[in-house]
Amino acid sequence: MCGRFALFSDPPRITRRLGLPEVEAQWQARYNIPPGTWISAARRRDDDSPLVLDEVWWGYKPHWAKENAPEPINATVEKVATSNYFKGAFAHHRCLVPADGWFEWVAVDGQKQPHFLCRADREPIWFAAIWAERANGAPGCAILTEPARGVAQQIHPRMPLVLDDESLEPWLDPDMTDRETLRQVIHHLSAEYITHWPVSSRVNKPAENDPKLIEPITSGSD
């Protein structure tokens, strides 16, 4: 799953990869981003609009959903293209969520130890995501997840769908709506690029936000 992540790279480093307009203001580095908050996403507001780096709510609930409908933060790759709740967004409202890494927890001696996962070369990563207009007119998104691969399997059975560089533009292409075509051209980042290390349990508190949250800890320290 993906329930907490970090984005601290400066805007030009993020916008440059997709040829996006530069963000006018420097954003605040976020080392502990929880669901139910505004996050950055590259998307088109409609098929004819240019690609922009926008703010979306991390919580997916389409405007047509009933009041008691779920508001998931993730959507599985196994069901996103076929589920009635997600398939419209998968075909027409795909987006990319930039990140520097994400957190997962592993059981150690009866307690959950958080780990930070990221690219071994520390380059930013892009989560595949979908979005839909919420009842209040704001966009809300869900990050796609897949079975964990490589070293990520040591921490959690699932992980966010991190795309390789060649898949970013096809994922955002509004003309590409067919599921099988997308499966042929969209690829996840090779597992060999992913690394992880244990971090402070302070990340368990969403209010905590500082660079030390992603620093490695040694056994017995926190």
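Here are four short exercises, each with a worked solution, on the side-chain contacts of this predicted model.

**Exercise 1. The nonpolar core**

Find which residues of the largest nonpolar core touch the most other members, and which strand gives the largest share of this core.

*Solution.*
Step 1: Start with the core itself, which has 57 residues; Phe5, Trp102, Phe127 and Ile130 are the ones that touch the most other members.
Step 2: Now look for the strand. The largest share of this core comes from strand β9 (residues 125-133), with eight residues.
Step 3: Zoom in on phenylalanine 127. Leaving aside residues up to four places away in sequence, its contacts include Cys2, Phe5, Cys95, Trp102, Ile143 and Leu161.
Step 4: Another core lies apart from the largest one; this other core has 10 residues, among them Ala6, Cys118, Val199 and Val203.

**Exercise 2. Rings that pair**

Classify two aromatic pairs, phenylalanine 5 with phenylalanine 127 and phenylalanine 8 with tyrosine 31, as stacked or edge-to-face.

*Solution.*
Step 1: Recall the cut-offs: planes under 30 degrees apart count as stacked, and those over 60 as edge-to-face.
Step 2: For phenylalanine 5 and phenylalanine 127, the planes are at 90° and the centres 5.6 Å apart, an edge-to-face pair.
Step 3: For phenylalanine 8 and tyrosine 31, the planes are at 15° and the centres 5.0 Å apart, so this pair is stacked.
Step 4: Place the pairs on the chain. Phenylalanine 5 is in strand β1 (residues 5-7) and phenylalanine 127 in strand β9, so their pairing ties together parts 122 residues apart in sequence. Phenylalanine 8 is in the loop between β1 and α1 and tyrosine 31 in strand β2 (residues 30-33), so that pair ties together parts 23 residues apart in sequence.
Step 5: Step back to the whole model. The count comes to 12 aromatic pairs, and ring pairs link Phe5, Trp58, Trp102 and Phe127 into a cluster.

**Exercise 3. Buried or partly exposed?**

Decide for arginine 43, aspartate 54, glutamate 123 and arginine 13 whether each is buried or partly exposed.

*Solution.*
Step 1: The cut-off to use is that buried means under 20% relative accessible area, exposed means over 50%, and partly exposed lies in between.
Step 2: Arginine 43 has 6%, so it is buried. Aspartate 54 has 12%, so it is buried too.
Step 3: Glutamate 123, at 36%, counts as partly exposed. Arginine 13, at 32%, is partly exposed as well.

**Exercise 4. Charges that meet**

Work out which parts of the chain are joined by the salt bridge of glutamate 123 with arginine 13 and by that of arginine 43 with aspartate 54.

*Solution.*
Step 1: Begin with the idea that side chains of opposite charge can pair when their charged atoms come close.
Step 2: In the salt bridge of glutamate 123 with arginine 13, the closest N and O atoms are 3.2 Å apart. Glutamate 123 lies in the loop between β8 (111-119) and β9, and arginine 13 in helix α1 (residues 11-18), so the pair ties together parts 110 residues apart in sequence.
Step 3: For arginine 43 and aspartate 54, the closest N and O atoms are 2.6 Å apart. This pair links strand β3 (residues 38-43) with strand β4 (residues 52-58), its two residues being 11 residues apart.
Step 4: Follow arginine 43 a little further. Arginine 43 also lies over the face of tryptophan 131, at 4.3 Å from the ring centre.
Step 5: Finish with the total: the count comes to 11 salt bridges.

How values were computed. Residues are numbered from 1 along each chain as its sequence is written. This is a predicted model: local features need pLDDT of at least 70, side-chain atom pairs count only at pLDDT 80 or more; totals for chains, interfaces and linings use all residues. Side-chain values use heavy atoms; hydrogens and water are left out. A nonpolar core is a set of buried Ala, Val, Leu, Ile, Met, Phe, Trp, Tyr and Cys residues joined through side-chain atoms within 4.5 Å. Buried means under 20% relative accessible area, exposed over 50%, partly exposed in between (1.4 Å probe, protein chains only). Helices (H or I, at least four residues) and strands (E, at least two) are DSSP runs, numbered from the N terminus. Contact means heavy atoms within 4.5 Å. A salt bridge is a side-chain nitrogen of Lys or Arg within 4 Å of a carboxyl oxygen of Asp or Glu. Rings of Phe, Tyr and Trp (its six-membered ring) pair if their centres lie within 6.5 Å; planes under 30 degrees apart count as stacked, over 60 as edge-to-face and the rest as tilted. A charge sits over a ring if NZ of Lys or CZ of Arg is within 6 Å of the ring centre and within 35 degrees of the ring normal.
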